[in-house]
Amino acid sequence: MIRRIYLLLAGLYACLSVFAQPKPLNVLVLYSDDQRYNTIHALGNEEIFTPNLDRLVTSGVAFTRAHTMGGMHGALCAPSRAMLHTAKYLHSLERKGDFIPPTHIMMPEYLQTLGYKTYGIGKWHNDKAAFNRAYQDGGGIYFGGMHFPKDGGQESPRYVEYDATGKYDVPFQHAEKFSSEFYADHAISFLNRQKEATQPFLCYVAFTSPHDPRTPPQKFRDMYPWQKVSLPPNFLPQHPFDNGDLKVRDEMLLPRPLTEEMARKELALYYGMISELDFQIGRILDVLEANGQRENTLIVFAGDNGLAVGSHGLLGKQNIYDHSMRVPMIFSHHSLPQNQQRNQLCYLADIFPTVMDILQVNAPEGLQSTSLFPYIQKPGANGRKAIYYAYRDIQRGVRTDDNWKLIRYNVNETETTQLFNLNTDPFETKNLIENKQFEKKYRKLNQLLTKQMEQYHDFLNLTLPNWGKTQP
């Protein structure tokens with residue numbers, strides 16, 4: 001009760017601001033699963049077909065150096081979603097991000113205090129109580145990490161309907177359509193119900209594509225003959241050293257060494273999943289426009305984390321290379337600059353305060369992340385000087401605004417270090433750590449990494465010889 005009173009008081013001033021506008025903006029958040037940064041046609045991938053994500057790019061601002069921060073276990077999507085909702089950084093999350101405590105105010109929860117209706121759809125990889133605090137209603141909800149083939153896969157996804165008690169102790173149901181279509185149907189149904197409503201809404205649609213199992217419907221599978229799919233410049237048959245998680249589930253999907261044919265086929269399926277997801281997003285956008293809701297709806301599109309799919313001899317996201325840490329992030333509305341890109345370093349956690357600024361309301365106290373709205377307004381404004389990454393207690397890294405990157409590993413007391421100049425080597429293929437010419441650069445980045453760890457409350461001691469053995 002005390003917490004609810006606090007929320008109501010905290011939102012009172014902001015409420016006066018938002019309702020001073022003729023009509024408050026709705027918010028539609030579209031969140032994809034395992035979609036890496038370079039999988040949108042309008043942002044440079046000429047092989048992939050994404051006309052509807054392209055629509056979002058051309059009708060707003062895309063951040064091209066957006067990142068997740070990593071995770072403390074293999075399911076990176078759990079902390080990613082917690083960071084999105086709470087604007088907290090990785091080491092400030094509870095239970096590695098699996099659980100969102102009542103003390104961490106979530107964006108939809110806060111918007112409720114401003115008079116918003118909140119509605120959640122699709123994947124929720126955090127605790128059930130947090131979902132019900134965030135969302136007053138929802139549909140097609142999946143509490144879990146992925147649609148395992150034994151449980152129906154993407155073709156017949158498991159789900160539950162909204163339970164106002166928050167218990168969700170009923171058996172799963174199975175949808176008889178592909179997951180993305182199922183979630184899009186729920187979004188469309190909600191938008192149609194809100195067509196004549198005067199109350200603003202936040203609708204969150206969390207897809208399970210393009211996460212595996214990568215089984216796109218035949219129409220989208222046929223769009224990408226594997227022989228025509230290009231291998232990334234950083235393709236390798238296998239990772240050159242033990243990074244500490246080469247036996248995680250994601251990495252066991254294919255045998256090693258990978259062949260070029262295996263990698264091309266996997267990429268073809270990955271692209272097919274993204275194009276199918278894009279098609280379903282297009283259906284949602286079409287309904288928004290047909291209902292006259294598009295002009296009054298801010299759309300945020302982002303991915304929870306990236307994926308290797310053959311890069312560096314890896315398949316999953318349990319690493320801190322760019323293909324796994326960088327994600328798409330787009331803010332789309334007619335009031336924002338149109339068809340523009342921003343290259344400031346940013347995190348998924350920045351979405352919450354950015355949305356508050358676009359809505360012209362005060363953010364609640366306690367947010368840790370930074371609003372990107374100043375960069376939307378002024379493309380040349382200085383952003384973060386560095387981005388920090390962590391994976392379990394075996395990998396730490398830092399990337400600078402001038403595109404240098406350091407990764408440190410400690411696996412079974414064996415330390416490995418990688419230093420990359422992303423200006424000349426954007427695919428992280430040339431490790432410069434043994435080049436004496438860059439000793440000073442290494443020392444500088446190593447000091448920066450320590451400072452970043454302190455800043456983000458990561459108290460892992462990198463000076464210990466066994467720092468990679470404190471967590472199983």
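**A buried lysine, the sheets and the nonpolar cores**

Lysine 123 is found in strand β5, which spans residues 117-124. In this predicted model, the residue is a good place to begin. Lysine 123 counts as buried because its relative accessibility is 1%, and the cut-off for buried is under 20%. Leaving out residues up to four places away in sequence, lysine 123 touches Asp33, Cys77, Arg81, Tyr142, Gly144, Gly145, Tyr204, Ala206, Phe207, Thr208 and His211. With one of these residues, glycine 145, there is also a close approach between polar atoms: the backbone oxygen of glycine 145 lies 2.6 Å from a polar atom of the lysine 123 side chain. Histidine 147 is 24 residues from lysine 123 along the chain, and the C-alpha atoms of the two are 9.8 Å apart.

A second buried polar residue, serine 92, sits in a loop rather than a strand. This loop runs between α3 (77-86) and α4 (107-112). Serine 92 has a relative accessible area of 18%, which is under the 20% limit, so serine 92 is classed as buried. Apart from neighbours within four places in sequence, serine 92 is in contact with His104, Gln368 and His457.

Attention now turns to strand β12, residues 329-332. Both faces of β12 are covered. Met329 and Phe331 are buried on one side, and Ile330 and Ser332 are buried on the other. This arrangement can be read against a simple rule: in a regular strand, side chains alternate between the two faces of the sheet. Strand β12 has antiparallel pairings with β2 and with β10. Strand β2 (residues 60-63) is joined to β12 by 3 bridges, and alanine 62 has isoleucine 330 as its bridge partner there. Strand β10 (residues 297-303) is joined to β12 by 4 bridges, and here phenylalanine 301 stands opposite isoleucine 330. Isoleucine 330 is thus a partner of alanine 62 and of phenylalanine 301.

Phe331 of β12 also belongs to the largest nonpolar core, which has 92 residues. Within that core, Phe331 and Val355 touch the most other members. What does phenylalanine 331 touch, not counting residues up to four places away in sequence? The list consists of Gly60, Val61, Phe63, Ile299, Val300, Leu336, Ile351, Thr354, Val355, Ile358, Leu372 and Ile376. A second, separate core holds 32 residues, among them Ala62, Phe182, Ile188 and Leu191. Alanine 62, the bridge partner of isoleucine 330, is therefore a member of this second core rather than the largest one.

Two open sheets complete the picture. One has 5 strands in the order β4-β15-β16-β17-β18, with mixed pairing. Its edges are β4 (70-71) and β18 (414-421), each of which pairs on one side only. Inside this sheet, β16 (residues 395-400) and β17 (residues 404-411) pair in the antiparallel sense over 5 bridges. Arginine 396 stands opposite arginine 408 of β17.

The other open sheet has 3 strands in the order β11-β3-β14, and its pairing is mixed as well. Strands β11 (326-327) and β14 (346-347) stand at its edges with a single partner strand each, so one side of each has no neighbour in the sheet. Strand β3 (residues 66-67) pairs with β14 in the parallel sense over 2 bridges, and alanine 66 stands opposite cysteine 346 in β14.

Note on methods. Residues numbered from 1 in each chain as written. Predicted model: local features only at pLDDT ≥ 70, side-chain atom pairs only at ≥ 80, totals over all residues. Heavy atoms only, no water. Pairing = 2+ DSSP bridges. Core = buried A, V, L, I, M, F, W, Y, C linked by side-chain atoms within 4.5 Å. Buried < 20%, exposed > 50% of the residue type's maximum accessible area, 1.4 Å probe, protein only. Contact = heavy atoms within 4.5 Å. Polar contact = N/O pair within 3.5 Å; in protein donor to acceptor, adjacent residues only side chain to side chain.
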